[in-house]
Number of protein chains: 2
Amino acid sequence: MTTSPGGEPAERTKAAVLEDVAGLAGVSAMTVSRVLNAPEKVRPETRARVLAAVQELGYRPNFAARSLVTGRSGVLGVVSFDTTLYGPASTLYAIERAAREHDYLVNIASLEAMTRRSIAEGVDRLRQQSVDGVIVIVPHESAADGLRDLPPDLPVVDVGGGERLSVPAVAVDHHAGAVRATRHLLELGHETVHHLSGPANWIDANNRMQGWRHALRGREVPPPLAGDWSANSGYEQGKRLSRDPSVTAVFVANDPMALGLMRAFREAGRRVPEDVSVVGYDDVPEAAHFWPPLTTVRQNFATLGRQAFQLLLNRMVGHDTSERRTVEPELVVRESTSRR
Amino acid sequence: MTTSPGGEPAERTKAAVLEDVAGLAGVSAMTVSRVLNAPEKVRPETRARVLAAVQELGYRPNFAARSLVTGRSGVLGVVSFDTTLYGPASTLYAIERAAREHDYLVNIASLEAMTRRSIAEGVDRLRQQSVDGVIVIVPHESAADGLRDLPPDLPVVDVGGGERLSVPAVAVDHHAGAVRATRHLLELGHETVHHLSGPANWIDANNRMQGWRHALRGREVPPPLAGDWSANSGYEQGKRLSRDPSVTAVFVANDPMALGLMRAFREAGRRVPEDVSVVGYDDVPEAAHFWPPLTTVRQNFATLGRQAFQLLLNRMVGHDTSERRTVEPELVVRESTSRR
DNA sequence: GCGAAGACTGTTATCGCTAACATAAAACGT
DNA sequence: ACGTTTTATGTTAGCGATAACAGTCTTCGC
């Protein structure tokens, strides 16, 4: 960036600042600032001169200085648990894209654990870097508590964090999704539906379990098993479940676990879907290519992320809503389910 | 300002600043600053008093102000393509964790496309928010170019961006990984090994393809097919490949494609591994539960991310290395491969 | 033709913090 | 005991931008 070694006058060592541009353009610093922030207030010719100077010096406004005086940073934070999981990763991605369109940058703070303390700490970390707002993706019961003792002056939006929240939130209607999944199996003629749920205290896991229970009302409700979202836990629990010959239909709380479970059943000699039908949840991109292709419930994480950003934007410009938006999941029928 | 109508003395409307804390503790602002930045330079009793005041006022240093004067922001940026993909997501996650341990925050900028322009633009976006350094995760040929015309004053580290880079870099030795995968198949008695590669111009895809070629030297090298990393493309290409009865072993450039390919083969009546052996790449957490459990090459993304951060840290403190570190991948043999 | 409104541009005062230097108090060596 | 170092704290001066106000110079209306 330093001008060429040819001997040009402005062999800058330090980056150019407003004053430098002003000097070169023969105007005051304020005018340069205006050109950058409210161009219409500056006469076109001056503007052109300033812009040329900006160009020539490769001037970039100093973010810290601007943010110090305006009180806004143009950065928003996302607090999330494991961003390696498909759901959080996709949501984060959507948020980032939406943010970019509005000239916001995204700062991430991932959490070691999901306790109210760690959530507060994550938000705090972001706050220290003076983000303008925070989106929390913590699908855990602890989120509600963690969010409660947050400073009220910081706009916060929650994603998938349960009912009793003090902040605006977006969530997928997992109850409905689970009902759809379970009904689908019931309609296929299964007497009842078993359930492999996610870990305790995860909002999504609870909601799906409740939906499943709800859809099963009036029938025998088998005791649910719980995994930890991993394919491996699905496999382990699948092994147990496969020993019960009465099982003909299983609703699994996410796709990886469904994958593991199907493997366990196959290894136990029970064919999917001939002997037992399986429905997953998430519709990860691979689900269509599992063996057999998995019937599952699709969540639209992109929408989720976009909505979350919208809500945050609203809150940031002042609308003090505690709006709650819901995204509907959709059943995708493939080949892991069949008529009994 | 304006103490509240209630009459309480410190009914703050605005957040407390250094001066407020100083006042309460009966010291100068500078002392407070020292307590926060170099506690050992302050007498324990004063320190305690200051800390108490900080506590009482809930004081949080203003990031912009600090950063304005120190010239450092404590934020680093990560430019990445699709952070939804397992690799980038895991790497990002590892970077974030390493960064946190060193009190850095991570800003992300994901890219719409992988062109030199968009890379430069992504870095730029981060630079405007004055990040202290940038890690670029763009496993594409364009990365090298995109990085070349970067301002030299900004510490940049590349992850997986190929050989001819102008900046420090970390990469997995995909060539070696591919060689291992291919040799494994060869040692199992297969005459040759087919290859389903990733999209053209992706560094990883190229390296793996070269490794495969290398391991095959002296034998017939079948024309490789190319997918787009998705399970779906694996399935499509798998359908084509399954029509060729001479195929007995396939090295697939990533796990999702391997999943799709195995499905295609199965649907074509060719059993894996009895009729055809398949090796994947990545070792995604689900790979062990594919049907059959996938033999694959594990990349340690966590190490990759950590190393990238280390390198960046080095560069940021001034060491002007253009060090290049390599992470070795590891073959994980499961059940998708068998003796011919 | 002259005051008033409007259009541009400039001046000044911060924003909240820390580097660098200055000072005061305590500790020390001989 | 006295200058000298060390230790603890305070003072001053910005970092680089923008808000708010203050001038100029035009442009108009009547």
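**Exercise 1.** How many of the residues of strand β1 (residues 75-80) of chain B are buried?

*Solution.* The model is a predicted one, and the first step is to recall that a residue is called buried when its relative accessible area is under 20%. By that cut-off, six of the six residues of β1(B) are buried, and the strand is mostly covered. The next step is to sort these residues by face, for in a regular strand the side chains alternate between the two faces of the sheet. On one side of β1(B) stand Val75(B), Gly77(B) and Val79(B), on the other Leu76(B), Val78(B) and Ser80(B), and both faces are covered.

**Exercise 2.** Find the strands that pair with β1(B), and locate the partners of Ser80(B).

*Solution.* Begin with strand β2 (residues 105-110) of chain B, which pairs with β1(B) in the parallel sense over six bridges; within this pairing, Ser80(B) stands opposite Ser110(B). Between these two strands the chain passes through helix α5 (residues 86-101) of chain B, in a β-α-β crossover that is right-handed. Then turn to strand β3 (residues 133-137) of chain B, which is also parallel to β1(B) and is joined to it by five bridges. There the bridge partner of Ser80(B) is Ile137(B).

**Exercise 3.** Which strands stand at the edges of the open sheet of twelve strands, each with a single partner strand?

*Solution.* First write down the order of the sheet, which is β11(A)-β5(A)-β4(A)-β3(A)-β1(A)-β2(A)-β2(B)-β1(B)-β3(B)-β4(B)-β5(B)-β11(B), with mixed pairing. The edges are held by β11 (324-327) of chain A and β11 (324-327) of chain B, and because each has a single partner strand, one side of each is left without a neighbour in the sheet. From one strand to the next, the twist averages 20°. Helix α6 (residues 116-128) of chain B packs on this sheet, where it touches β2 (105-110) of chain A as well as β1, β2 and β3 of chain B, and its direction makes about 145° with that of β2(B).

**Exercise 4.** What relation do the rotation and shift between chain A and chain B describe?

*Solution.* Two copies of a chain are related by a rotation about an axis and a shift along it, and both values are needed here. Chain A superposes on chain B, with an RMSD of 0.3 Å, after a rotation of 180° and a shift of 0.2 Å along the axis. This is therefore the relation of a two-fold axis. As a last step, compare the contact residues: 98% of those of chain A recur in chain B, and the same surface serves both copies.

Definitions and conventions:
Residues numbered from 1 in each chain as written. Chains lettered and ligands numbered in written order. Predicted model: local features only at pLDDT ≥ 70, side-chain atom pairs only at ≥ 80, totals over all residues. Heavy atoms only, no water. Buried < 20%, exposed > 50% of the residue type's maximum accessible area, 1.4 Å probe, protein only. Helix = DSSP H or I, 4+ residues; strand = E, 2+ residues; numbered from the N terminus. Pairing = 2+ DSSP bridges. Right-handed = clockwise from strand over helix to strand, strands pointing away. Least-squares fit on C-alpha atoms with pLDDT ≥ 70 in both. Contact = heavy atoms within 4.5 Å. Axes fitted to C-alpha atoms, helices over the stretch in contact; angles between N-to-C directions.
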